[in-house]
There are 4 protein chains.
Amino acid sequence: MDFSFDEQTTALIAKARRFVEERVLPAEPVLDAQLAQSPEEWTVRPIVRDLQREARAEGLWNLFLPGAHGAGLTNLQYAPVAEVTGWSTRLAPPAFNCAAPDTGNMEVLNDFGTPEQKDAWLRPLLDAEIRSAFCMTEPDVASSDATNIATRIGRDGRDYVVSGRKWWSTGAMNPDAKIFIVMGKTDPDADRHRQQSMILVPRDTPGVRIVRPLTVFGYDDRDHGGHAEIVFDDVRVPAANLICGEGDGFAIAQARLGPGRIHHCMRALGTGERALALMIERAGDRHAFGRPLADQGVIREWIAEARITLESLRLLVLKTAWLMDTVGNRKAMTEIQAIKIAVPRAVQQILDRAIQVHGGAGVSSDTPLAEMYAGLRSLRLADGPDEVHLSSLGRAQLKG
Amino acid sequence: MDFSFDEQTTALIAKARRFVEERVLPAEPVLDAQLAQSPEEWTVRPIVRDLQREARAEGLWNLFLPGAHGAGLTNLQYAPVAEVTGWSTRLAPPAFNCAAPDTGNMEVLNDFGTPEQKDAWLRPLLDAEIRSAFCMTEPDVASSDATNIATRIGRDGRDYVVSGRKWWSTGAMNPDAKIFIVMGKTDPDADRHRQQSMILVPRDTPGVRIVRPLTVFGYDDRDHGGHAEIVFDDVRVPAANLICGEGDGFAIAQARLGPGRIHHCMRALGTGERALALMIERAGDRHAFGRPLADQGVIREWIAEARITLESLRLLVLKTAWLMDTVGNRKAMTEIQAIKIAVPRAVQQILDRAIQVHGGAGVSSDTPLAEMYAGLRSLRLADGPDEVHLSSLGRAQLKG
Amino acid sequence: MDFSFDEQTTALIAKARRFVEERVLPAEPVLDAQLAQSPEEWTVRPIVRDLQREARAEGLWNLFLPGAHGAGLTNLQYAPVAEVTGWSTRLAPPAFNCAAPDTGNMEVLNDFGTPEQKDAWLRPLLDAEIRSAFCMTEPDVASSDATNIATRIGRDGRDYVVSGRKWWSTGAMNPDAKIFIVMGKTDPDADRHRQQSMILVPRDTPGVRIVRPLTVFGYDDRDHGGHAEIVFDDVRVPAANLICGEGDGFAIAQARLGPGRIHHCMRALGTGERALALMIERAGDRHAFGRPLADQGVIREWIAEARITLESLRLLVLKTAWLMDTVGNRKAMTEIQAIKIAVPRAVQQILDRAIQVHGGAGVSSDTPLAEMYAGLRSLRLADGPDEVHLSSLGRAQLKG
Amino acid sequence: MDFSFDEQTTALIAKARRFVEERVLPAEPVLDAQLAQSPEEWTVRPIVRDLQREARAEGLWNLFLPGAHGAGLTNLQYAPVAEVTGWSTRLAPPAFNCAAPDTGNMEVLNDFGTPEQKDAWLRPLLDAEIRSAFCMTEPDVASSDATNIATRIGRDGRDYVVSGRKWWSTGAMNPDAKIFIVMGKTDPDADRHRQQSMILVPRDTPGVRIVRPLTVFGYDDRDHGGHAEIVFDDVRVPAANLICGEGDGFAIAQARLGPGRIHHCMRALGTGERALALMIERAGDRHAFGRPLADQGVIREWIAEARITLESLRLLVLKTAWLMDTVGNRKAMTEIQAIKIAVPRAVQQILDRAIQVHGGAGVSSDTPLAEMYAGLRSLRLADGPDEVHLSSLGRAQLKG
């Protein structure tokens, strides 16, 4: 057992951290200014393009992707880099071309795509020329239960016809999101987990209708393409757009989830670290009743608890990454569920306390805390609410 | 000891409830539509004016205000009506002309204003012709400690000159907010609680500069006038604008707080009841893994816990109102602090769970939950963070 | 609505409080000494007899019992007296002849007993000449589900024959516990809630075998008769010993539970008040790192939280008592469940924190805290675990 | 980074686990029977001697001690073995001669003792011929603040004279505890952390008076020598009994604490694992309302939460052990404090829930849960309450 990172990882962390500190954090007000200049647009802002150019030049590019197309890192090697990007979730992940949902979509194309699919969509995504969306969740059903999915993907001659309504398609408001991976049912009568398939639907296909943007606690998340409700109204795409075969949708989704959760959790830990840093800074600067907040026992306790939580959960995420690397996603299922449950809610509480220490500034846009809070809060719902995972994890323990 | 409401109160609750159910809740989408039509404006929307007219006609008007100018209700009689308005915090309180900060400002004018001040500002406020703001919190200091207040109110001949920076002046973005009550220091060398004074500053006085609106999470709360940062740059007003005498500011603020907290807490309980009702409805409607959410033990537990919490805290708020009516605000200090601490955080948790039961809809604008959450979260900071009150309440217990 | 006690109750509270402070609390070390002198005995100790004599002389006797045989108090009038006895659960309830399970057993006899049954058992219980036990819980089944009860009560000519195994029969180790009320099934094929009956089994009936005492966190609770495991091995009693008719057992048990929970919860609040008082005293006396514990923010927060919790839950218990008095137990079901869930766990936490403030003394016998904790902890299991009640309360809310 | 144990450790864990399962767990009722046979004695029971013989023969002996006198394991190698012993804290640690406080005392003698001290006390302790006690905590002061210690160790010619009162001297009721390590002040005027010294006081020295045993909740912990209050009344021992020099007491205590906390925390995790295993077993076996407890969502959630907590905290303890091995105790201070705070309270909650699932059996002696709970609860007070460590950890974070 060894808790130190290997040399390559240590160097990468240092490089990423320097980039985030020196380039990304100072760029946050620039992003705000650019957003204010064109409040109606959903496209990537110029500052993101600038940062992408720099990050790519420094080798901080596509680090999430194992194998030849990516940086060839293991999950365990990438995880601490993902944490660093969590300090600025609005800017660092896109700067490194490591932002969801593009990462998951690129993984799907990389692992399951045909050469033609890769050439058409993976290559431009790896170059950040285009963006993408993942259309899974539906407004009318509890999507944590995949058998509920109502979208149909029906074979019709040489085509498939996609019909259904999706929402929370993150990034899809951005017109540069040129490709949507859509989950739907090809065979509602098949076995529970063989009913679903995934298919590539180009944005400009007739019948694709972007209904509206959704907000998260008042935020439209415009800078990373928002969250769309989309109707697929008899959308016809070539059969070659299917990813793998009919009935493979559930398995692909599962494969996509493992790394996605590692990434989300590590970024969340980075967010938690930033919240803790802000809380510490504020506690030292701010005075009430004649002494700094740092002298108040309750605030010291919050700081200590945040440190304890971040340390223990980081180890659990790293171990999960290590398990995925060494024994595979399936055998790491308990750990993957565990981090999915434990990390977002823990960071949510750290953010809540950081907000409390900041007073009114904490809920406003003068600190990044409230927006981070909204993002973290949603994580507890994305890919199924905590309770579904708790119940599943508990059942697995009961089976032994 | 008797836990039943008197007849007048029972009738009033029934009338208010009917009005909220039949008129206010159906008006919420109307408000949203009117807001979407003029997204840049900060004024009261037409639907609010409509509701005000109807409510006034039904006698649901100025119920918060004791005495001749108001409805003559006790705190204990008004409290359950305030709860009913908490079901729709955006619409019901303004419809009844019972919305903060106007309520507190009207109380101040009613209790401490000169006839001239009343005539100029109280009368139009009671008629909802104008709105008002309360300028207390400052961005640069911990305002929960009143001695920190940096705004100066200096005598100069027949005038006072006000200089300082305020924020979280709720309602002040609305151009109809014609009058600001400003807290500042007239004598920084006086005793700790005699340094502060309150003064009336008309909005259009030279030197008053609305700097910007603040957001709460991502909400600008445009429908009730937002929250402004305001600079007072050598603002000169007649000496007659002072409320009471120099040094009375802290005492007036304290007098204002007691009823304000009752109102806030009762409204919060109404918000909690609505969240619980939505949670129950959703749990019955939504199915996952072959059965309604209502069959899941965890969700039943959340519902039970919400019911228990709302019942016990409601009693504590009502007892606090009763104490204020019978022995006065000062002797009800422990209870006032207790509800200020306990109610918002409890309702915050109920809202968080209601959001969780609603999945993505919960954080979006498709339910009122996320916006209610943002409002409740801010209550834990307004008038001093929970921790200041906990510490103070604890110290009082230690003294015996 | 009126939160003040009536005059009679106010006077009774004052008298009870004085008795507990002046007579009961100083008697605690006397009880310890008497227990140490005869460590093997399970009988009531002399100090209890002394206190009973004094309390009876002062009119502090059988206050729990409404109607002619008792003091004629309502639940709402008795509740605050029960709270006072919770300051010393080992001594005050027996001193006032208001200790469980005798109270519940006397209620059953008073409400459902025949004149002969009353004469034989109720009268000596009211005079504290004998004690009693309630034999309901069984070791082999989840007794919160009454249909699980395995003890059989079979008619045989003019007798009933009782067979089964019971445990947690509180008080039954005391040889003076002359009468056991036993719950068993007379007809396992009847409707779910008509299978059970209750029957009076005198202790010295052949076939009654006290198997062993049970401990609660190491305590044998010897001073109030311990907790017994009892085997009923074809125990034959006259048919006249049945309470009401066959199939009435469940209904009697339900009737017994309502007041029992009020009593338990009010006593628990008294225990919580004592824990808080001890915590406050300790925080003032004890110094660490150069200042009293009272100066530590965390301890002040615990004290404040305890005060808030006790105030709000007390109101809920009192309202429940008022509901039982005015609309009856059945309509107070939600509130009865709510207090059964909320009060013991809240007081458990207050005790845990009081222990923490006392350090090693807190877990030892040098303070009453650890023993109180053990008692409170068991309350969360008695009459069904919290979770059963939460689920039931939640279900009722869902039904609306 | 590598989360797998080395081969030696893996083998040792397997061996220890087999021994605990096959020999120790079945010996628990034997211990109970032997305790019942001689309820007044405080000595080690025969079954412990038997297990010690067997464990030693298998090489499961003195594993806690690094270096030549012990097994030569690192902290990281010993930690998982300590966890295994936590499944039966009453039997496994003494069986392996790895029970506190002997382990800490042996470490002190091993690291700081003179050859004569080692020969006299370390050797027989390593052979389990005698037991020992550590006399640090005092009843009259907050001992978490070492400057509070009131016991005096005064030089008088060739002797030291020890005067003071200690309590919570674990193991000291056992007459075989032949040697006490006593902490006291040699120079109250020295620097804060140079005032204290440690000295060896043989049990039979004149002036040593065992005042009484203390209980933890209702347990006297007789099987491992109980917890004594001890008066040292001008106890005279040779100057050669001092451990290291005058003023070294605080440093020795600090050195003793690091490994002690690792051991305590790992054992606590083992206890938590056993509680979880019992909870899982019970949930599968027990039925209520027509289905096994395992089908109840709340219980599944508890099981899932326990698994998540145990996994993440185990990693934190193991990392702490690794840090102590690689960078030393001082640099691992934050982590050592973190586990001291986080592990006992987490396992306390798991035990509380396991008790809840077991109903009455949970608080009785029919399961090991209540006794384990009492032990875990005390851990939160031993070596300073959680709050002292939280405050200290928080302060360290604030300093950066």
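Two residues count as in contact here if their C-beta atoms, placed from the backbone, lie within 7 Å. Keep that in mind as you click around.

This is a predicted model, where local features need pLDDT of at least 70 and side-chain atom pairs count only at pLDDT 80 or more, while totals for chains, interfaces and linings use all residues. Residues are numbered from 1 along each chain as its sequence is written, and chains are lettered from A, with ligands numbered from 1, in the order in which they are written.

Start by selecting chains A and D. Their contact takes 37 residues from chain D and 36 residues from chain A.

Next, stay on chain D and pick out helix 7 (249-285), helix 8 (297-326), helix 9 (333-358) and helix 12 (386-399): each supplies at least two residues of the side that touches chain A. (Helices are DSSP runs of H or I, at least four residues, numbered from the N terminus.) Helix 8 of chain D gives the most to that side, with 15 residues.

Now zoom out and turn chain D by 180° with 0.0 Å of shift along the axis: chain D lands on chain A with an RMSD of 0.0 Å. (The fit is by least squares on the C-alpha atoms of residues with pLDDT of at least 70 in both copies.) That is the relation of a two-fold axis.

Last stop: chains B and C. A turn of 180° and a shift of 0.0 Å along the axis lay chain C on chain B, RMSD 0.0 Å.
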